[in-house]
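The following exercises concern the fold and the ligand shell of one protein. Please work through each task with the sequence and the structure at hand before reading the solution.

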Amino acid sequence: MLDKAQITKDIVSTTPFVLSNFRLLRKLDPNDHYWASFTDIEKLKVNGVFLETAMVVSWIGNTHKPKRILEIGTRTGGSLIALLSNYQDFRNIEVVSFDMWREYVSTTYFSKKFTELKNKNNENGEIAGNINVSEKKLKPFFSLIRNLSINKVKNNLAYFNIPSDIITFISGDSKRTVPSYFEKLPNEKFDYILVDGAHDAETAFIDLQNIADHVAEKGIIVFDDINFMNSDLMGVWVRFKEIQKNNFDFIEIDCRKGVGLAFRKDIA
Ligand SMILES: C[S@@+](CC[C@H](N)C(=O)[O-])C[C@H]1O[C@@H](n2cnc3c(N)ncnc32)[C@H](O)[C@@H]1O
C-alpha cells in the first residue's frame, strides 16, 4: 500500500537540494525562461507549499536510484539533472532520451531579447515564457537544432558532473520513435520512465501506452502536468489508470502542475 502522505513529505524534503540546482541552472543558462520562473518561489506555492515535478523526480533519484532510465521530453536536461544529481556512481546507468527539440529556440539569447522587446511594447505585459518558433517552420534546420539541443543538454549535465555518454538520444516525434525503438528491442525494460513530451491528450496517451509494457518490476512511471489548467492530461491519466489497474499502483502528487506516479506491481 502506497503511503501518499509519507511520500509527499519525503518529496517536500528535497526542496533545498532542488532549489539549489535551479539556482545553478539559472546561472548556467540565463536565457532559459524556465529557470527564471523559479526566482520567486512564494508565487509558486499552492496552499502554502512549494512542490515541483523536479522534486518528485529528485526523490526517485535519491530513494530508488533507477538504473535503466527512459525519458520522453528531455528539453534542456532539467529532469535528468533532478534525477541524476543524486548519483555518485554512474556505472551500469543507462538513459534513453526521446525528444523532438521543439523548445530549443525559446531557450536562446535571441528569443529572450525578442520577448523582452515585445513585452516592453505590449501594454498588457506578461508573457508566460520566451517566444518560440514552431517546428514546422524550423523543419529545414532540424538537424542543426537537434545538435544544438543535445549539446545544451550535455553541457547542462556536465555542470552537475553527470556524464552524457550514458545517454542515447533519439530525436523525432515520440509517436513514431518510441514504437520503433521497442519494435527493435521488444524485451527492453526500464526502472523509471518519465512521460513529459507532447502535452496534447492524444500524444500523451499514446506515449503512456507505448511505454507501459516496458516498465520493469517495481519500476516507476512519472507523468507530468496532470493539473495543468489548459491541458487535458488528468483525463488521459484517469483513462490510463483504468486500463492499467492490474499492472500498477497509482498515486497523484498535488503540486502546482500535478504529477501522476505509477508503480509496477510484482510480475508473477
Ligand atoms: C515540458 S518539456 C520537458 C521538460 C523536461 N522533462 C524537464 O523537466 O526539464 C517537453 C519536451 O517534450 C518535447 N516534445 C514535445 N512533443 C514531442 C513529441 N511529439 N515527441 C518528442 N518530444 C516531444 C519538447 O521538445 C520538449 O523538449
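**Exercise 1. The helix α4 and its end.** Determine which residues of α4 are buried, and state what phi Lys65 takes just after this helix.

*Solution.* The model is a predicted one, in which local features need pLDDT of at least 70, side-chain atom pairs count only at pLDDT 80 or more, and totals for chains, interfaces and linings use all residues. Residues are numbered from 1 along each chain as its sequence is written.

Step 1. Locate the helix: α4 covers residues 53–63. Helices (H or I, at least four residues) and strands (E, at least two) are DSSP runs, numbered from the N terminus.

Step 2. Apply the burial criterion: a residue is buried if 20 or more other C-beta atoms lie within 10 Å of its own, exposed if 12 or fewer, and partly exposed in between, with C-beta atoms placed from the backbone. Nine of the eleven residues of α4 are buried: Thr53, Ala54, Met55, Val56, Val57, Ser58, Trp59, Ile60 and Gly61.

Step 3. Continue past the helix: Lys65 has a positive phi of about 40°.

**Exercise 2. Strand β1 and its partners.** Establish whether Ile69 is buried or exposed, and identify the strands that pair with β1.

*Solution.* Step 1. Ile69 belongs to strand β1. Because Ile69 has 23 C-beta neighbours inside 10 Å, it counts as buried.

Step 2. Consider the whole strand: β1 (residues 68–72) has four of its five residues buried, so it is largely enclosed by the rest of the structure.

Step 3. Identify the partners, where two strands pair if DSSP finds at least two bridges between them. β1 and β2 run parallel and are joined by five bridges; Ile72 has Phe98 of β2 as its bridge partner. The chain passes from β1 through α5 to β2 in a right-handed β-α-β crossover (with the strands pointing away from the viewer, the path from the first strand over the helix to the second runs clockwise).

Step 4. β1 also pairs in the parallel sense with β4 (residues 190–195), over four bridges, and Leu70 is matched there with Ile193.

**Exercise 3. The sheet as a whole.** Give the order of the seven strands in the open sheet, and explain why one side of β3 and of β6 is left without a neighbour.

*Solution.* Step 1. The strand order is β3-β2-β1-β4-β5-β7-β6, with mixed pairing.

Step 2. β3 (167–171) and β6 (248–253) stand at the edges with a single partner strand each, so one side of each lacks a neighbour in the sheet.

Step 3. Add a further pair: β4 runs parallel to β5 (residues 215–224), with five bridges between them, and Tyr192 is bridged to Ile220 in β5.

**Exercise 4. The ligand shell.** Describe the shell around the ligand by its nearest residues, its contributing elements and its residue classes.

*Solution.* Step 1. A residue is near a molecule if its C-beta atom, placed from the backbone, lies within 6 Å of it. There are 18 residues around the ligand, and Gly73, Gly78, Ser79, Arg102 and Ala198 come nearest.

Step 2. At least two shell residues come from each of α5 (78–84), β2 (94–99) and α9 (174–184).

Step 3. Sort by class: the shell has four nonpolar, seven polar and seven charged residues. Here Ala, Val, Leu, Ile, Met, Phe, Trp, Tyr, Cys and Pro count as nonpolar, Asp, Glu, Lys and Arg as charged, and the others, Gly among them, as polar.
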